[in-house]
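Subject: Structure for your review

Dear colleague,

Please find below the structure that I am handing over to you. My findings follow it, and I would be grateful if you read them with the structure open.

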Amino acid sequence: MTKNVGNIDRILRFVVGIVLLIAAFTTGLAATGWIFWAMIIVGLVAVGTALIGNCPLYSILGIRTCGK
């Protein structure tokens, strides 16, 4: 896989992902159902793409935030 996510983008994705995961388990939103699962899924995708350095949506749209 070719990296298409730059360093600043990776840091932001990682931080937002971790915040979403922490918020999902600590804010008591687990009782509402779909909000809890949406936060978990978005958080995991954000952290995953940050760790891998590749965003499938960026690939489809032809976007690169990293240098060559």
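Which residues of H2 are buried? The model is a predicted one, and in it the buried residues of this helix are Phe36, Met39, Ile40, Gly43, Ala46, Val47, Thr49 and Ala50. Their cover includes helix H1, residues 7-26, and helix H3, residues 56-61.

Helix H2 itself comprises residues 34-52, 19 in number. From its first C-alpha to its last it reaches 27 Å, which is close to the 27 Å expected at 1.5 Å a residue. Just after this helix, Gly53 adopts a positive phi of about 85°.

The chain as a whole

The protein chain contains three helices and zero strands, so that you may read the order of its elements from the N terminus as α-α-α. Along the principal axes, its C-alpha trace spans about 45 × 20 × 15 Å. The chain has 68 residues, of which 32% count as buried. Its accessible surface comes to about 4700 Å², and 76% of that belongs to carbon and sulfur atoms. If one takes the contacts between residues at least 6 apart in sequence, 67% of them join residues at least 24 apart.

Aromatic rings

How many aromatic pairs does a search of the whole structure find? It finds two. In one of them, the rings of Phe25 and Phe36 have centres 5.4 Å apart and planes at 85°, so the pair is edge-to-face. This pair links distant parts of the chain, since Phe25 belongs to helix H1 and Phe36 to helix H2, eleven residues apart. The rings of Phe36 and Trp37 also form an edge-to-face pair, because their centres are 5.1 Å apart and their planes stand at 75°. Through these ring pairs, Phe25, Phe36 and Trp37 are linked into a cluster.

The members of the cluster may also be described by their accessibility. Phe36 has a relative accessibility of 11% and therefore counts as buried. Phe25, at 61%, counts as exposed, and Trp37, at 52%, counts as exposed.

Asp9, Arg13 and Tyr58

Is Asp9 buried or exposed? Its relative accessibility is 16%, so Asp9 counts as buried. The residue lies in helix H1. Apart from its neighbours within four places in sequence, Asp9 is in contact with Tyr58 and Thr65. Tyr58 takes part in a further arrangement: the charged end of Arg13 sits over the Tyr58 ring, 4.8 Å from its centre.

Cysteines

The count of disulfides comes to zero. Cys55 is in no disulfide, and the nearest cysteine sulfur, in Cys66, is 12 Å away. Why is the sulfur of Cys66 not bonded to that of Cys55? The two sulfur atoms are 12 Å apart, which is too far for a bond, because a disulfide requires sulfur atoms within 2.5 Å. Cys55 has a relative accessible area of 8% and is therefore buried.

I suggest that you begin with H2 and its buried residues, among them Phe36, and then turn to the ring cluster that Phe36 forms with Phe25 and Trp37.

Yours sincerely,
A colleague

Technical notes: Residues numbered from 1 in each chain as written. Predicted model: local features only at pLDDT ≥ 70, side-chain atom pairs only at ≥ 80, totals over all residues. Heavy atoms only, no water. Helix = DSSP H or I, 4+ residues; strand = E, 2+ residues; numbered from the N terminus. Expected span 1.5 Å × (residues − 1). Buried < 20%, exposed > 50% of the residue type's maximum accessible area, 1.4 Å probe, protein only. Contact = heavy atoms within 4.5 Å. Phe/Tyr/Trp six-rings, centres within 6.5 Å; stacked < 30°, edge-to-face > 60°. Lys NZ or Arg CZ within 6 Å of the ring centre and 35° of its normal. Areas by Shrake-Rupley, 256 points an atom, 1.4 Å probe, with all protein chains shown as cover.
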